[in-house]
Amino acid sequence: DGDGDGDGDGDGDVAVVAPDSVRVFPSWSMRSTRRIEADPEVKAIADRYRKEADDALLGQLSDGLGDVALDETVTMLGGTALDTRTAEVRRRGATSGNLVADSMLAYYTEGGGEDGATQDTLAMINGGFIRGDRLYPSPTALTPRDVLEELPFPRTAVLLEMDGAHLRSALEQQLRLCPRPTGGFPHLSHNARMVYRLGGDGDGSDKGGGGRIVSLTVNGREVVAGRRYRIAVTDFVASGGDGCSDWCYSLHVLGNGRPPKRVALVLLDHLMGKGGDSARRIDLAEDVRVRCID
């Protein structure tokens, strides 16, 4: 049996406990297989399945971006390292969450056609949507394969319109399990800032735990009840996923006349630039957008 990384195998212990009885006690002792030459027949089978998986990924790309190679460099990332580590994106702000949220905001606000609500539009991606669990050194060449592995879910970015009171309560629901790692941890676009403190005893329980928003701003202005705001999120979040039901107090709207689009393709669009130029350079920076003051 494999360890999931293809670099080791495991054993099970077998014990004879009586003349006519055999019991198996599963256990693991890892042995590296990295330097063992691959069996040609097994390798041929693995290569066939790998090609099928690559073809499926290419099909996803061609549906939204046209003729782009899976391992083509679409962006050179510089500045701060791109961090998709699970322990980070589920606890605090990370460069990967910032990048995805910025791409979603750009999709719905850049390029004209917006109806004047841009000043009150932001974007949010939950940390559990980012799955690569990697730290990319700077500089690094990012490919479509990287993006599709980081954002494997075929979920779309949608644009919601909601009252400021419901926006604040929905984002508090995303924080409800803090300070424990949570897939709901919100990462915001560059034009938004949120400060929160831990509620109650801070254990994330339903009895006063989780995060309580102290300040939430969009373009430097505090989010207030009675004012309408637009926010790009995934369709999973919009449907009240993970028990964050206050997102359902919203209307689905079009931004720039653009329909919902798979988040991975939104990010690839953003990475390649408006003109679709390959090898665009983006310099990432440490930008704390969501901060706990406890």
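How many helices and strands are there in the protein? The count is seven helices and 19 strands, and keep in mind while browsing these views that the model is predicted.

**View 1. The whole protein, by the numbers.** Start with the overall picture: 43% of the 294 residues count as buried. The accessible surface adds up to about 15000 Å², and carbon and sulfur atoms own 51% of that area. As for how the chain meets itself, take the contacts between residues at least 6 apart in sequence: 74% of these join residues at least 24 apart.

**View 2. An open sheet of three strands.** Here the strands line up in the order β9-β5-β18, with mixed pairing. β9 (140–142) and β18 (280–284) sit at the edges with a single partner strand each, so one side of each has no neighbour in the sheet. Going from one strand to the next, the twist averages 30°. As a general reminder, strands of a sheet pair through backbone hydrogen bonds, either parallel or antiparallel.

**View 3. Zooming in on β5 and β18.** Strand β5 covers residues 75–79 and runs parallel to β18, with five bridges joining the two. One pair to look for is Met76 and its bridge partner in β18, Arg281.

**View 4. A helix across the sheet.** Now bring in helix α7, which spans residues 263–272. Helix α7 lies across β5, β9 and β18, and its direction makes an angle of about 105° with β18. That β18 is also the edge strand from View 2 and the parallel partner of β5 from View 3.

Conventions:
Residues numbered from 1 in each chain as written. Predicted model: local features only at pLDDT ≥ 70, side-chain atom pairs only at ≥ 80, totals over all residues. Heavy atoms only, no water. Helix = DSSP H or I, 4+ residues; strand = E, 2+ residues; numbered from the N terminus. Buried < 20%, exposed > 50% of the residue type's maximum accessible area, 1.4 Å probe, protein only. Contact = heavy atoms within 4.5 Å. Areas by Shrake-Rupley, 256 points an atom, 1.4 Å probe, with all protein chains shown as cover. Pairing = 2+ DSSP bridges. Axes fitted to C-alpha atoms, helices over the stretch in contact; angles between N-to-C directions.
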